[in-house]
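Student: I would like to take a close look at one part of this protein, and I would be glad of a careful, connected explanation.

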Amino acid sequence: MKYFKIFSLICLSLTLFTACSGDDTPRRVVAEEVITTMTVTLTPTEGGTDITLKSQDLDGDGPNPPVLTVSGDLAAGVAYNGSIELLNETESPAEDITEEVEELSDEHQFFFTVSGGLDASTTYSNFDNNSNPLGTKLILTAGAASSGSITFTLRHEPKKPNNGTLADAAGETDIDATFDVTIN
């Protein structure tokens with residue numbers, strides 16, 4: 001009986017010790033988005049053919065890598081209006097995650113990284129409520145004939161404002177995909 005009382009006191013003390021903390025501020029928990037598919041549609045501002053860049057990873061963190069497709073080459077000297085669609089295709093019908101990202105625009109930002117000698121530049125076309133870039137809409141301007149890659153990275157809870165780089169923005173990556181692109 002003596003040991004039972006001692007054991008009970010120890011358990012009670014541990015419960016009180018671990019239950020009390022100095023930080024009683026409730027934290028908002030936002031579930032991370034499941035994004036299986038990212039489609040970037042580039043529409044030339046003056047006629048021509050739409051170009052589609054698509055990353056699809058239906059097994060998520062499974063063993064198979066994302067399937068990347070590029071529907072064609074960009075035309076030299078042409079500006080393209082771009083839009084990014086994000087889907088969760090693990091659900092049927094597929095859930096449009098783009099709507100959630102745009103509704104929570106202050107908690108998201110796309111970053112565009114051009115590399116490998118590709119002569120292209122990007123400009124943001126949509127912004128959050130504080131006039132910071134969001135990037136589900138963009139303008140991509142193709143320069144001279146060249147080839148290289150463009151990486152599209154969606155960050156969750158980046159520092160805003162930031163200097164436009166992933167390093168300065170911090171946050172968590174929701175999705176990123178690198179597409180090999182040619183400008184003719």
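Which element gives the largest share of the lining of the largest pocket?

Tutor: The element you are asking about is strand 10, residues 172-183, which supplies three residues to the lining of the largest pocket, the largest share from any one element. Please keep in mind from the start that this is a predicted model, in which the mean pLDDT of the protein chain is 87 and 83% of the residues reach 70 or more. One stretch calls for caution, since over residues 1-30 the pLDDT is below 50, and beyond near neighbours in sequence this stretch has four contacts in the model. Where pLDDT is low, the predicted coordinates should not be read in detail.

Turning to the pocket itself, the space in the largest pocket comes to about 300 Å³. Its lining is made up of 14 residues, and those closest to the centre are Ile35, Asp57, Gly60, Asp61 and Asp174. When the lining residues are sorted by character, six are charged, while four are polar and four are nonpolar.

With the pocket described, we can look at how some of the strands are paired, taking strand 4, residues 79-88, as our guide. Strand 4 runs antiparallel to strand 1, residues 37-44, and eight bridges join the two; within this pairing, Thr41 has Ser83 of strand 4 as its bridge partner. Strand 4 also pairs in the antiparallel sense with strand 8, residues 137-142, this time over five bridges, and here the bridge partner of Tyr80 is Leu140 in strand 8. A further antiparallel pairing, over two bridges, links strand 4 to strand 5, residues 95-96, where Leu87 stands opposite Asp96 of strand 5. Strand 4 and strand 5 form a hairpin, with six residues lying between them.

Finally, we can turn from strand pairing to charged side chains. Side chains of opposite charge can pair when their charged atoms come close. A search of the whole structure finds two salt bridges, and one of them joins Asp128 to Lys160, with the closest N and O atoms 3.0 Å apart. Asp128 lies in the loop between strand 7 (120-124) and strand 8, whereas Lys160 lies in the loop between strand 9 (146-156) and helix 3 (166-169), so the pair ties together parts that are 32 residues apart in sequence.

Notes
Residues numbered from 1 in each chain as written. Predicted model: local features only at pLDDT ≥ 70, side-chain atom pairs only at ≥ 80, totals over all residues. Heavy atoms only, no water. pLDDT = per-residue confidence, 0-100. Contact = heavy atoms within 4.5 Å. Pairing = 2+ DSSP bridges. Helix = DSSP H or I, 4+ residues; strand = E, 2+ residues; numbered from the N terminus. 1 Å grid on protein atoms, 1.4 Å probe; cavity = no way out; pocket = protein on both sides within 12 Å on 5 of 7 lines; lining within 4 Å. Points joined across faces, edges and corners; volume = space filled by probe spheres on them. Nonpolar A, V, L, I, M, F, W, Y, C, P; charged D, E, K, R; others polar. Salt bridge = Lys/Arg side-chain N within 4 Å of Asp/Glu carboxyl O.
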